[in-house]
Amino acid sequence: MAVHIEFTGTPPNGLLDRHPHKAMSAERARVLDAIHAMLRRPPWPKDVRLCGRRLAPPPLSHVVGFPRLEIPLGGDYENEGEFEGNAKLVSIKPGSALFAPPHCWNRPTWRRPVRVLSVLFGHKHLGFSLVTSAGNASGGMTAEKSSIAQQLGGAMFRITEALGDLNDGLSPPEALPGLVRSLLYLVRWSLEHPPLVKRRSAVQRFELISVYLQSHYQQEITRDRVAEQFGISPNHLSRLFRSSGHMKFNEYLTHVRTDRAKFLLRNYPMRIDEISRQCGYNDTAYFCRVFRRVTKCTPGDYRRQVAESSARDPARGMPPVNGH
Amino acid sequence: MTVVAVTACPTGIAHTYMAAEQLAKAARKLGFHIKVETQGAMGLENELTAQEIARASVAILASDITLEKAERFDRIRTVRVSVPDAIKDPEGVLARCALDTAPNPALPHPHTSDEQRSA
């Protein structure tokens, strides 16, 4: 049987830590090598160029809504950008770094040979692009892209926010390199532990989908439609339920709907066909069959049993607040 | 009008995301319904499903490199532009979607019979 490590409830403890490179792509391994090489240099980075956002950027400058860290690995990373409040042309060499907070701009000229690693701190992913440019405009450029799942929040994002806060023209530039080094340590850690990060995001997605089902059970819901809503494949959705939850997707949906039906049966004198529709079943006979399979009695029997037990013991018959 | 789009630039650092944002912004302004997939350094994000592509009238392929999963667009009319074009003139690109009614040569024209096509 196939084992989906990223979604298993308990990771094989220690195994992932001992073999961090096992399932790693060649691209990701090269990114990790570059990061290791930088962090081996004791005072890396010796300085950090921080981009600004006050001046209007020239056409086709890089301006995006997420933070970016750019690390020259060789050659000369020549950039036009807003630094210390002025538009300048700077050359960033290995040993230094460039950090662009959200909506801040820079524009690589690609006029000189350079090898540079860009790290993109997105909402859902950490992105990496290893760019090698021959330094001429005639297409002598290659880029190797890779990414890992990453949740917004946590120390990594607070460091990128802190770096943005230091961009006020008043803070000492000496505060920057230590933060950037810490940031790169966290990036390296995420690269070395992607299955754990991914597993967490799978659990969060599962929870989001569960909440979605709990609030949309009245509508016509299919596995395909929910999968599309959340941008995943129908098979992935099924896998998510098998591994994160205690029941299959359809079982969970049935559970949500029959639970709601029980609540309505207990508390409202509605007709069975009305309750059936309210719970997302257009076919009352089908609803009754499903209800009977799940609760081992018909909707009418269920209502009578609850009424009888509350007549015997009024306290137990009080309508529960949450419908359970 | 419903449009799908993909953006992809060589480095995947910024222009991919800027083009996506510009297309989305221009679509809102012009009253188009749009979903934009980005193929940048963060991987395939906001990925277009087969259903979404089938439902759209046209696909904008704003790319300066080979697209991933390009075969998804074999059966839909496409408008191909460079990433800088999509950043600098997103409204112009969308206007082309509305005007440019030339059919995709890869698709058999609905009003052309088999004899005419093979001729």
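This briefing covers one pocket and one chain-to-chain interface. The model is predicted, so that local features need pLDDT of at least 70 and side-chain atom pairs count only at pLDDT 80 or more, while totals for chains, interfaces and linings use all residues. Residues are numbered from 1 along each chain as written, chains are lettered from A in the order in which they are written, and side-chain values use heavy atoms, without hydrogens or water.

**Second largest pocket**
- The second largest pocket (an open set of points on a 1 Å grid where a 1.4 Å probe fits, with protein on both sides within 12 Å along at least five of seven lines) has a volume, taken as the space filled by probe spheres set on the points, of about 450 Å³.
- Its lining (residues with an atom within 4 Å of a point) comprises 24 residues, with A:Leu50, A:Glu84, A:Leu166, A:Asn167 and A:Gly169 nearest the centre.
- Strands (DSSP E runs of at least two residues) S1 (47-50) and S3 (77-83) of chain A each give two or more residues to this lining, and S1(A) gives the most, with 4.

**Interface of chain B and chain A**
- Contact (heavy atoms within 4.5 Å) involves 23 residues from chain B and 25 from chain A.
- The two chains bury about 1800 Å² between them, 66% of it on carbon and sulfur atoms, where buried area is the accessible area (1.4 Å probe) lost on being put together, summed over both.
- The count of salt bridges (a side-chain nitrogen of Lys or Arg within 4 Å of a carboxyl oxygen of Asp or Glu) between chain B and chain A is 0.
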